[in-house]
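This report covers selected features of a two-chain model. It moves from a sheet to a helix, then to the contact between chains, the core and some backbone details.

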Amino acid sequence: MRLVSTTYTIPKRDGCPSENEDHFFPYLGEIRRDHHSVAIADGASEGFLSRLWSKILTISYVNWDTTDVDMRLFIDFCIEMYEYQRSRYLERREERAAPLKWFEEKLMAKGSFSTLLGVSFEDSTPWGGCWTSYSVGDSCLFQLRYNIIDVFPEIDSTGFGNSPELIASNPAYNKELLNKVRVKSGKFLYGDIFYLMTDAVANWFIAQLEEGKRPWRTLDEYLDYDREGLTMYLTSLRDEGRLKNDDVTIARVKTLED
Amino acid sequence: MYTAEISRGNPTCFLFLIDQSGSMEDPFGGEATGSKAVAVADAINNLLQNLVLRCAKAEGVRDYFHVGVIGYGDKIRPAFSGELRGKDLVPISTIGDLPLTVEERPQRVPDGYGGFIDQNVKFPIWFEPIAKGPTPMKQALKKAESIIAGWLDGHPDCFPPVVINISDGEPTDGDPLEVAESIMEMESSDGNVLLFNLHLSSSTAPRVEFPDSKRYLPDEFASLLYDMSSILPEKIREEAESEGFYMMPESRGFIFNSDMVKVIQFLDIGTRATNLR
């Protein structure tokens, strides 16, 4: 099995790339032969170091690389990674003689928050195999085989709000987390395409599906031939109020036979 | 209406008018300790802290809001202390950077294992309690009108500014209704300026929260504050409902005979802009 991914991300309008709190992994188009997973995450804008947290979640998910994730262990591992990176960040601040301000201290004590959507593939038959996806929050996965045949989590275009479920870097806020983890498995045939999207663009995509349109065609054309055009297209959707002004991340994964 | 995105390119403003008359030295109705002036100062400092935290990111505080606090008592003046003294509207990043002082206060916080522990947490102070003189509410509203007019000139498409007046007594400088109406008629392209009123309890009269008529208001002064209060936009109404308040489509941004818990809830609901980008 070969997995080929195409990824795209832009920050919200008026934001610069360093302020984009979405993250995806892997970065490379051809996914490493020993890896079978892809993940995206949407760091919450209310948190501090959310960009770091969404990065840790996605990279860890892909390196975990299994269709059977023990979420409790996984999150404990991510929190450990976060704590290590956080202490390094504090050291760097001290080295620069820039101690934390009162509001940074407070936010850091509260921690960071992010959604997570990951999918792992297993090639168990000559024609394809199984996929399993874990999700916390409102990032969405779509499976395409001529038409969209699966959407996970199941959500309609009115179901996106401002308070999705989130994974916290501070265990105090993760008490009910394991009840919020959604898991779905399915089968794929070689040639199936999977799209992972953070909430704003997923919301637009689902609204298009509800209108009987084929939004993946638009995305595919732009992703393959005109990435600048995709940015202009999404900007025009924002201007028209059809796309929420939020960070956008799209990861497209093609499942191919060896 | 009331749907404009709040961004650094299109910020909005919150303006608080705080009664600093002599009667604010009295305790809340039915409560034995603590003056209203001290409790309101704590509530405003707490709110300013929350506004800063809402806008703070790893790279700094984003200026989604500009905030002003005007005190009225023996004088009508901007009520910030320290380096912000004398300033009308201040970007939230400047507020974050320049508290008068940062105190340590005990607070109960989750321990991560289902329990709580007592910890000292930082509590920044920008605004100190004052209780002196009469209640020149009309003049304070005039000052607010002029500040908001200046803001709207520079930000014609902003989420409409929110003005919150907190008082425990009747105005001593004439009828403020006309000025209040004039403030509520000001507008950005996203809707009219919102004026909310919070009356602090010093009696045992029943509390009235977000009324949609004057039916249960006890006197002329309560009716006046009702008339001076905007009908709540749908989004804020939903926020209030989610906090357990009983809301009607015509509910106004007004609480009569409030206690401290309601003051804090009201300030939070009135400033809980969710459309930050």
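In this predicted model, five strands of chain A form an open sheet in the order β1-β12-β11-β7-β8, with antiparallel pairing. Strands β1 (2–10) and β8 (147–152) of chain A stand at the edges. Each has a single partner strand, so one side of each is left without a neighbour in the sheet. From one strand to the next, the twist averages 20°.

One pairing in this sheet can be followed at the level of residues. β7(A) and β8(A) run antiparallel and are joined by five bridges. A:L141 stands opposite A:F152 in β8(A). A:F152 also takes part in a cis peptide bond, to A:P153.

**Strand β3 of chain A**

How many residues of β3(A) are buried? Six of its six are, so the strand is mostly covered. A:S37, A:A39 and A:A41 point one way. A:V38, A:I40 and A:D42 point the other way, and these are buried too. In a regular strand the side chains alternate between the two faces of the sheet.

β3(A) pairs with β2 (residues 22–25) of chain A in the antiparallel sense, over four bridges. Here A:D22 stands opposite A:D42 in β3(A). β3(A) also pairs with β5 (residues 116–125) of chain A, again antiparallel and over four bridges. A:V38 has A:V119 as its bridge partner in β5(A).

**Helix α5 of chain A**

Helix α5 of chain A spans residues 199–210 and has twelve residues. From first C-alpha to last it reaches 16 Å, close to the 16 Å expected at 1.5 Å a residue. After the helix comes A:G212, with a positive phi near 80°.

Which residues of α5(A) are buried? They are A:D199, A:A200, A:V201, A:A202, A:N203, A:W204, A:F205 and A:I206. Their cover includes the strands β3 (37–42), β7 (140–145), β11 (193–197) and β12 (248–256) of chain A. It also includes the helices α6 (215–225) and α7 (227–239) of chain A.

A:L209 lies in the same helix, α5 of chain A. Is A:L209 buried or partly exposed? It has 18 C-beta neighbours inside 10 Å, and a buried residue needs 20 or more, so A:L209 counts as partly exposed. Leaving out residues up to four places away in sequence, A:L209 touches A:I148 and A:P215. A:I148 is 61 residues from A:L209 along the chain, yet their C-alpha atoms are separated by 8.6 Å.

**Contact between the chains**

Across the interface, 21 residues of chain B are in contact with 18 residues of chain A. On the side of chain B, α1 (36–55), β7 (101–110) and β8 (116–125) each supply at least two residues. The largest share of that side, three residues, comes from α1(B). By class, the side of chain B that touches chain A has nine nonpolar, six polar and six charged residues.

**The nonpolar core**

The largest nonpolar core has 131 residues. A:L196, B:L15, B:L17, B:I44, B:A144 and B:V163 touch the most other members. α1(B) gives the largest share of this core, eleven residues. In soluble globular proteins, nonpolar side chains tend to be buried together.

What does B:V163 touch, not counting residues up to four places away in sequence? Its contacts are B:L15, B:L17, B:A144, B:I148, B:I183, B:V193, B:L194 and B:L195.

**Backbone details**

Two cis peptide bonds lead into prolines of chain A.

| Cis peptide bond | Omega | Place of the proline |
|---|---|---|
| A:F25 to A:P26 | about 5° | loop between β2 and β3 of chain A |
| A:F152 to A:P153 | near -5° | loop between β8 and β9 (167–168) of chain A |

A:D65 has a positive phi of about 50° although it is not a glycine. A:D65 is found in the loop between α1 (50–64) and α2 (71–95) of chain A. With 15 C-beta neighbours inside 10 Å, A:D65 counts as partly exposed.

In chain B, B:Y2 has a positive phi near 60° and is likewise a residue other than glycine. B:Y2 sits in the segment before β1 (12–19) of chain B. Why is B:Y2 partly exposed? Because 17 other C-beta atoms lie within 10 Å of B:Y2, and 20 or more would make it buried.

Key: Residues are numbered from 1 along each chain as its sequence is written. Chains are lettered from A and ligands numbered from 1 in the order in which they are written. This is a predicted model: local features need pLDDT of at least 70, side-chain atom pairs count only at pLDDT 80 or more; totals for chains, interfaces and linings use all residues. The expected span of a helix is 1.5 Å times one less than its number of residues. A residue is buried if 20 or more other C-beta atoms lie within 10 Å of its own, exposed if 12 or fewer, and partly exposed in between; C-beta atoms are placed from the backbone. Two residues are in contact if their C-beta atoms, placed from the backbone, lie within 7 Å. Ala, Val, Leu, Ile, Met, Phe, Trp, Tyr, Cys and Pro count as nonpolar, Asp, Glu, Lys and Arg as charged, and the others, Gly among them, as polar. Two strands pair if DSSP finds at least two bridges between them. Axes are lines fitted to C-alpha atoms, for helices over the stretch in contact, and angles run from 0 to 180 degrees between N-to-C directions. A nonpolar core is a set of buried Ala, Val, Leu, Ile, Met, Phe, Trp, Tyr and Cys residues joined through C-beta atoms within 7 Å.
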